[in-house]
Amino acid sequence: MPATTPSTWLNPAVILLLGTLLAGCGEEAKPPAPTVFTAMPSDAALAQVYDRSCKLCHANPGAGAPLTGDTNAWAPRVAQGADTLLDHAINGYNGMPPMGLCMHCSEEQFLALIAFMSGQHFQ
Ligand code: HEC
């Protein structure tokens with residue numbers, strides 16, 4: 001009697017189909033724009049702070065932080081309002097460490113950094 005063997009899965013047509021499906025999935029998850037990794041605030045002092053703290057996580061796709069310039073990731077956060085964002089930056093929020101590891105940063109600097117990363121302007 002004919003047996004169905006696992007070798008069905010080695011059929012080239014099946015492999016081709018799986019490959020196409022996987023490639024299709026890859027299209028969906030686009031890697032972040034390269035500017036995420038190189039963008040810097042234009043203000044020199046701010047750039048230094050950003051480079052030493054925020055950037056470690058906010059330009060690191062593995063950190064779970066909203067990436068710099070990723071307006072989609074920032075949109076729901078920005079919707080909370082500047083006060084909440086500032087509060088979360090200063091007091092911490094889940095994986096976001098208090099003060100974003102910048103212990104000497106002022107409120108103005110935090111707001112400027114958040115504006116830079118989110119692409120939004122706050123007053
Ligand atoms: C050690 C990693 C790390 C560093 C350093 C860091 N962040 Fe974050 N940040 C995170 C993570 C993770 C989140 C997402 C937290 C969440 O939504 O659960 C986050 C979220 C935020 C948010 C959004 C909070 C909200 O309400 O959604 C702001 C604003 C923020 N960070 C500002 C900063 C600023 C400004 C700096 C630099 C001074 C900084 N972060 C440095 C990890 C970091």
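Let's start with α3 and α7: in this predicted model, their axes cross at roughly 75 degrees and come within 11 Å. That angle makes α3 roughly perpendicular to α7, since 65 to 115 degrees counts as roughly perpendicular. If you are new to this way of talking, two packed helices are described by the angle between their axes and the distance between the axes.

Which residues make the contact between α3 and α7? On the α3 side, look for Leu-46, Val-49 and Tyr-50, and on the α7 side for Gln-109, Ala-112 and Leu-113. By class, this contact has five nonpolar residues, one polar and no charged.

Now keep your eye on α7 and turn to its other partner, α6. The axes of α6 and α7 are 10 Å apart, and the two helices pack at an angle of about 110 degrees. So α6 and α7 are also roughly perpendicular to each other. From α6, the contact uses Ala-82, Leu-85, Leu-86, Ala-89 and Ile-90. From α7, Glu-107, Phe-110, Leu-111 and Ile-114 take part. Here the classes come out as eight nonpolar residues, no polar and one charged.

Let me stay with α7 a moment, as we have now met it twice. α7 has twelve residues, and from its first C-alpha to its last it reaches 16 Å. That is close to the 16 Å expected at 1.5 Å a residue. Which residues of α7 are buried? They are Phe-110, Ala-112, Leu-113, Ile-114, Phe-116, Met-117 and Ser-118. You have already heard some of those names: Ala-112 and Leu-113 in the contact with α3, and Phe-110 and Ile-114 in the contact with α6. The buried residues of α7 pack against α3, α4, α5 and α6. Right after α7 comes Gly-119, whose phi is positive, near 75 degrees.

Let's step back to the whole chain. There are seven helices and zero strands, so from the N terminus on the elements simply run α-α-α-α-α-α-α. The chain has 123 residues, and 19% of them count as buried. As for contacts between residues at least 6 apart in sequence, 56% join residues at least 24 apart.

Next, the ligand. How many residues are around the ligand, and which come nearest? There are 27, and the nearest are Cys-54, Cys-57, Asn-94, Gly-95 and Gly-100. By class, the shell around the ligand has 17 nonpolar residues, nine polar and one charged. Among the helices, α4, α6 and α7 each supply at least two residues of that shell. On the sequence, you can find α4 at 54-58, α6 at 82-91 and α7 at 107-118.

That brings me to the loop between α6 and α7, where I'd like to show you four residues.

Let's take Asn-94, which lies in this loop and is one of the residues that come nearest to the ligand. Asn-94 has a positive phi of about 50 degrees, although it is not a glycine. Is Asn-94 buried or exposed? Asn-94 is exposed, because 8 other C-beta atoms lie within 10 Å, and 12 or fewer is the cut-off for exposed.

Moving along, Met-96 is also found in the loop between α6 and α7. Met-96 has 19 C-beta neighbours inside 10 Å, so it counts as partly exposed, given that a buried residue needs 20 or more. Leaving aside residues up to four places away in sequence, Met-96 touches Ala-65 and His-88. Try finding His-58 as well: Met-96 and His-58 are 38 residues apart along the chain, and their C-alpha atoms are separated by 9.9 Å.

Pro-97 is in the loop between α6 and α7 too. Pro-97 has 13 C-beta neighbours inside 10 Å and therefore counts as partly exposed. Pro-97 is 43 residues from Cys-54 in sequence, yet their C-alpha atoms are 10.0 Å apart in space. Cys-54, you may recall, is among the residues that come nearest to the ligand.

Leu-101 completes my tour of this loop between α6 and α7. Leu-101 has a positive phi of about 70 degrees, although it is not a glycine. With 14 C-beta neighbours inside 10 Å, Leu-101 counts as partly exposed.

Methods:
Residues are numbered from 1 along each chain as its sequence is written. This is a predicted model: local features need pLDDT of at least 70, side-chain atom pairs count only at pLDDT 80 or more; totals for chains, interfaces and linings use all residues. A residue is near a molecule or strand if its C-beta atom, placed from the backbone, lies within 6 Å of it. Ala, Val, Leu, Ile, Met, Phe, Trp, Tyr, Cys and Pro count as nonpolar, Asp, Glu, Lys and Arg as charged, and the others, Gly among them, as polar. The expected span of a helix is 1.5 Å times one less than its number of residues. Two residues are in contact if their C-beta atoms, placed from the backbone, lie within 7 Å. Axes are lines fitted to C-alpha atoms, for helices over the stretch in contact, and angles run from 0 to 180 degrees between N-to-C directions. Angles under 35 degrees count as roughly parallel, over 145 as roughly antiparallel, 65 to 115 as roughly perpendicular and the rest as oblique.
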